[in-house]
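Visitor: Could we take a close look at one part of this structure together? I would like to see the surroundings of the ligand and then follow the helices and strands from there.

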Amino acid sequence: MRPVVLCFSGLDPSGGAGLQADIEAVAAQGAHAAVVCTALTIQDTRRVYGFQAIDPAFLRQQADKVLADLPVRAIKCGMLANPEVVAMVRSVCADHPQIPLVLDPVLAANSGGSLADPRMVTELASLFAHAAVITPNSLETRWLAARDNLDEALARLHELGAKAVLLKGGHEPGPMIRNVLSVDGKIVQTSQWPRLPHEYHGSGCTLASAIAGGLARGLTLPVAITRAEVWLQSTLADADLPHADGQAIPKRI
Ligand code: PLP
């Protein structure tokens, strides 16, 4: 069968982000997504209204059954909601160190609404050492590192244990978006993308899951990232815009 990506992610009922983004993005890379749903959110394409996390012991049983049953070749983490869910994922990763982890350190939606318990800013760092790559945007990088200067913040994420960081520049000003892949503190790849006209709901989930799909299929990290970035651009260029003043939903399939 196709290689499997085990996704730990939240449900966004608008279908733009979260586990639906993961399923579609992983499938588009020729892999199969198996999803452990960490939280239910209340949100639309404009904002987040609330969320409820699921019992981590229950989630662990789901993950164990899938890992015992299917050829899981990558793990992808999106919304983990609270430190108890992080601890559960950490123990899954420790039990399966051969499976590469793509960690999207979700703290807030692109609309700005919180998707994480405030303790998560420090807690997520405990997963860094398990990850093949972490994919923070520049806001998350500053929050996770507790540094304003972006270069210093990136260096700090490595000090906190991250081997590879894909720093996404979409929240920085300017007509071009610059993404940087830093491995062991050295920049090994950069890419630039024209800024598209809208705000997008679930673009981070889409990119991280596409990278995980590529890794599951055996691509190297830099190649998986480049392919995922190129594909993400096409999903954003074709995105559905439900309201002129809201966020667009990437068209992944
Ligand atoms: N996970 C869930 C469940 C979400 O609802 C969201 C955003 O709305 C995210 C993750 C992060 O989304 P983005 O890809 O826009 O950063």
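Guide: We will begin at the ligand and then walk outward through the strands and helices.

Please keep in mind that this is a predicted model. Let us start with the shell around the ligand. There are 18 residues around the ligand, and those that come nearest are G10, A17, G18, A109 and G204. Three elements each give two or more residues to this shell: β1 (4-11), β2 and α7. The largest share comes from α7, with 3 residues. If you sort the shell by class, you find 6 nonpolar, 11 polar and 1 charged residue.

Now pick up β2, one of the elements just named. Strand β2 covers residues 32-43, and 5 bridges join it to strand β3, residues 48-53, with the two strands running antiparallel. To see one of these pairings for yourself, find A39 and look across to A53, its bridge partner in β3. The two strands form a hairpin, with 4 residues between β2 and β3.

Next, go back to α7, the element with the largest share of the ligand shell. This helix spans residues 203-216, and its axis comes within 8 Å of the axis of helix α1, residues 18-28, the two crossing at roughly 40°. Helices α1 and α7 are therefore oblique to each other. The crossing in which α1 passes α7 is right-handed. On the α1 side, the contact is made by G18, A21, D22, A25, V26 and A28, while α7 brings C205, T206, S209, A210, A212 and G213. By class, the residues of this contact divide into 7 nonpolar, 4 polar and 1 charged. Did you spot a familiar name? G18 belongs to this contact, and G18 is also among the residues that come nearest the ligand.

Let us move on to another helix pair. Helix α2, residues 56-69, packs with helix α3, residues 83-95, at an angle of about 25°, and their axes are 9 Å apart. That angle makes α2 roughly parallel to α3. Their crossing is right-handed. Here P56, L59, R60 and A63 of α2 meet E84, V85, M88 and V92 of α3. The contact of α2 with α3 has 6 nonpolar and 2 charged residues, and no polar ones.

One more pair rounds off our walk. The axes of helix α5, residues 138-145, and helix α6, residues 150-159, come within 9 Å and cross at roughly 65°. The crossing of α5 and α6 is left-handed. From α5, the contact takes in S138, T141, R142, L144 and A145, and from α6 it takes in L150, A153, L154, R156 and L157. These residues divide into 6 nonpolar, 2 polar and 2 charged.

How values were computed. Residues are numbered from 1 along each chain as its sequence is written. This is a predicted model: local features need pLDDT of at least 70, side-chain atom pairs count only at pLDDT 80 or more; totals for chains, interfaces and linings use all residues. Two strands pair if DSSP finds at least two bridges between them. Axes are lines fitted to C-alpha atoms, for helices over the stretch in contact, and angles run from 0 to 180 degrees between N-to-C directions. Angles under 35 degrees count as roughly parallel, over 145 as roughly antiparallel, 65 to 115 as roughly perpendicular and the rest as oblique. A crossing is left-handed if the near helix is turned anticlockwise from the far one by less than a right angle, and right-handed if clockwise. Two residues are in contact if their C-beta atoms, placed from the backbone, lie within 7 Å. Ala, Val, Leu, Ile, Met, Phe, Trp, Tyr, Cys and Pro count as nonpolar, Asp, Glu, Lys and Arg as charged, and the others, Gly among them, as polar. A residue is near a molecule or strand if its C-beta atom, placed from the backbone, lies within 6 Å of it.
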